[in-house]
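The following exercises are to be worked through with the sequence and the structure at hand. Each task is followed by a solution in steps.

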Amino acid sequence: MHELSLSAAIVDTAVKHAEGRQVRVVSLRIGRLRQVVPDSLEFYFGFVARDTVCEGARLEHTLVPARMRCPACSQEWELESPIFRCPSCSSTDITIVTGNEFEVESIDVEEEPCISRK
Amino acid sequence: MHLKKVRVVKDALDANTTIAQANRADFDRAGVTVVNLMSAPGAGKTTLLERALAGLDSIAVGVLEGDVQGSFDADRLARLHIPVTQINTDPGFGGECHLDANMVRSAIPSLPLEEIDLLIIENVGNLVCPAEFKVGEDARVMVSSVTEGEDKPLKYPLMFRTCELVLVNKIDLLPHLDFDLEAFLRNVEAVNPEAQHMLVSARTGEGIEAWREWLIRTVARRGVPA
């Protein structure tokens, strides 16, 4: 349900970087550790984008795996279930390498072909 | 007309984080410690607050109540003669399921920050969304009641990972339930090895003193170098 707020945050970020240009695609990176439902995001995005340069834009996303690293034994692994413990040495002092992302990675904007002097 | 790809690579919640930092700076200036209290609906947040705050004289506490609708919880807490401010998240376009930094920001002018040492923000009852939004708190605490089942840490890992204290409430009901307390605590530890927990019953008062002392300690640790 917080996908409504998240969609608004995505539109705000995209609008800021579009600098007035029409946006066709917004690409997101969503980490597996985030509790975000992409379908739900897309649904709200369509509403929130109305009357902005993002109106009609497509929302795309890449899911980023949850990769962990154990500083003690240098083991690296992908988290399959939410057990935050090193499978090799059982240490609980582990580092999240990826999986927490909730980023607007890029936007595709319409641009006039550059015909000016250069 | 052609399409151009613009690299952005920006956390979509940056705006919320920035506002949360501004809230935090305001709280710091006033010397107020802030606890963000979260749980599923009906886990017992308000009753645990009533119990803990009723006997808490050594520090001055204020409460910011977040609810979708109504002021039922705020009315209950106001009877304790502590300052309570209500935020309703239902300004028309569907009630939000969580508090975000901006909602808290809008409430700051009506908070008596100069008069209190501790502000408890009682978030909207929900195990998913509140975990995603920083509001400017020093500490996050959640209530999980034994009627919710021992699998909850594994089902809502983000919430359990984000809290430093888990209050396990309604333990007076344990004899009547199939709830496996050991399995629950194992699941909490799997998801968040750093989390502390306390077994409490808002109904019988068991564990309330420990929860009260935790609040006092959390206020005291402000200003102590980490």
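Two strands are said to pair if DSSP finds at least two bridges between them. The model used throughout is a predicted one.

**Exercise 1. Pairing of two strands in chain B**

Task: Determine how many bridges join strand β6 of chain B to β7(B), and state in which sense the two strands run.

Solution.
Step 1. Strand β6 of chain B comprises residues 139-145.
Step 2. Five bridges join this strand to β7(B). The definition asks for at least two bridges, so the two strands count as a pair.
Step 3. The strands β6(B) and β7(B) run parallel.
Step 4. As a position to locate in the structure, Ser145(B) stands opposite Asn169(B) in β7(B).

**Exercise 2. The sheet of chain B**

Task: State the order of the strands in the open sheet of chain B and identify its edge strands.

Solution.
Step 1. Chain B contains eight helices and eight strands.
Step 2. Seven strands make up the open sheet, in the order β4-β3-β5-β2-β6-β7-β8 (chain B), with parallel pairing.
Step 3. An edge strand pairs on one side only; here the edges are β4 (84-88) and β8 of chain B.
Step 4. On average, neighbouring strands of this sheet are turned by 20° against each other, direction ignored.
Step 5. Helix α2 of chain B, residues 45-54, lies across β2, β3, β5, β6 and β7 of chain B. The helix runs at about 160° to β5(B).

**Exercise 3. A residue after helix α2 of chain B**

Task: Decide whether Gly55(B) is buried or exposed.

Solution.
Step 1. Gly55(B) is located in the loop between α2 and β3 of chain B.
Step 2. Within 10 Å there are 11 other C-beta atoms.
Step 3. A residue is exposed if this count is 12 or fewer; Gly55(B) is therefore exposed.
Step 4. Gly55(B) and Leu80(B), 25 residues apart in sequence, are 9.8 Å apart in space, C-alpha to C-alpha.

**Exercise 4. The buried side of a helix**

Task: Name the buried residues of α7(B) and explain why they lie on the same side of the helix.

Solution.
Step 1. The buried residues of α7(B) are Phe184(B), Asn187(B), Val188(B) and Val191(B).
Step 2. These residues cover an arc of only 100° around the axis, which puts them on the same side of α7(B).
Step 3. A general rule is helpful here: an α-helix has 3.6 residues a turn, so residues three or four places apart point the same way.
Step 4. The elements that cover the buried residues of α7(B) include α5, α6, β7 and β8 of chain B.

**Exercise 5. Comparing each chain with the globule rule**

Task: Explain why chain A is described as more spread out than a compact globule, and state what the rule gives for chain B.

Solution.
Step 1. Chain A has two helices and six strands, which follow the pattern α-β-α-β-β-β-β-β along the sequence.
Step 2. For the 118 residues of chain A the globule rule gives 13 Å, whereas the radius of gyration is 19 Å; because this value is well over that of the rule, chain A is more spread out than a compact globule.
Step 3. The C-alpha trace of chain A spans about 60 × 40 × 15 Å along its principal axes.
Step 4. For chain B, with 226 residues, a compact globule would have a radius of gyration near 17 Å, and the value of 18 Å agrees.
Step 5. Buried residues account for 34% of chain A and for 44% of chain B.

**Exercise 6. Where the chains meet**

Task: Describe the side of chain B that touches chain A, and state which strand of chain A pairs with β1(B).

Solution.
Step 1. Contacts link 29 residues of chain B with 30 residues of chain A.
Step 2. The elements of chain B that give two or more residues to this side are β1, α1, α6 and α7. The largest share, 10 residues, comes from β1(B).
Step 3. By type, the residues on this side of chain B are 17 nonpolar, four polar and eight charged.
Step 4. Strand β6 of chain A, residues 102-111, pairs with β1(B) in the antiparallel sense over eight bridges.
Step 5. Within this pairing, Glu110(A) stands opposite Leu3(B), and Asp108(A) stands opposite Lys5(B).
Step 6. Strand β6(A) is also joined to β1 of chain A, residues 23-31, by seven bridges, and these strands run antiparallel. Here Ile30(A) stands opposite Phe102(A).

Note on methods: Residues are numbered from 1 along each chain as its sequence is written. Chains are lettered from A and ligands numbered from 1 in the order in which they are written. This is a predicted model: local features need pLDDT of at least 70, side-chain atom pairs count only at pLDDT 80 or more; totals for chains, interfaces and linings use all residues. Helices (H or I, at least four residues) and strands (E, at least two) are DSSP runs, numbered from the N terminus. The radius of gyration is taken over C-alpha atoms; the globule rule is 2.2 Å times the number of residues to the power 0.38. A residue is buried if 20 or more other C-beta atoms lie within 10 Å of its own, exposed if 12 or fewer, and partly exposed in between; C-beta atoms are placed from the backbone. Two residues are in contact if their C-beta atoms, placed from the backbone, lie within 7 Å. Ala, Val, Leu, Ile, Met, Phe, Trp, Tyr, Cys and Pro count as nonpolar, Asp, Glu, Lys and Arg as charged, and the others, Gly among them, as polar. The arc is that of the directions from the helix axis to the C-beta atoms. Axes are lines fitted to C-alpha atoms, for helices over the stretch in contact, and angles run from 0 to 180 degrees between N-to-C directions.
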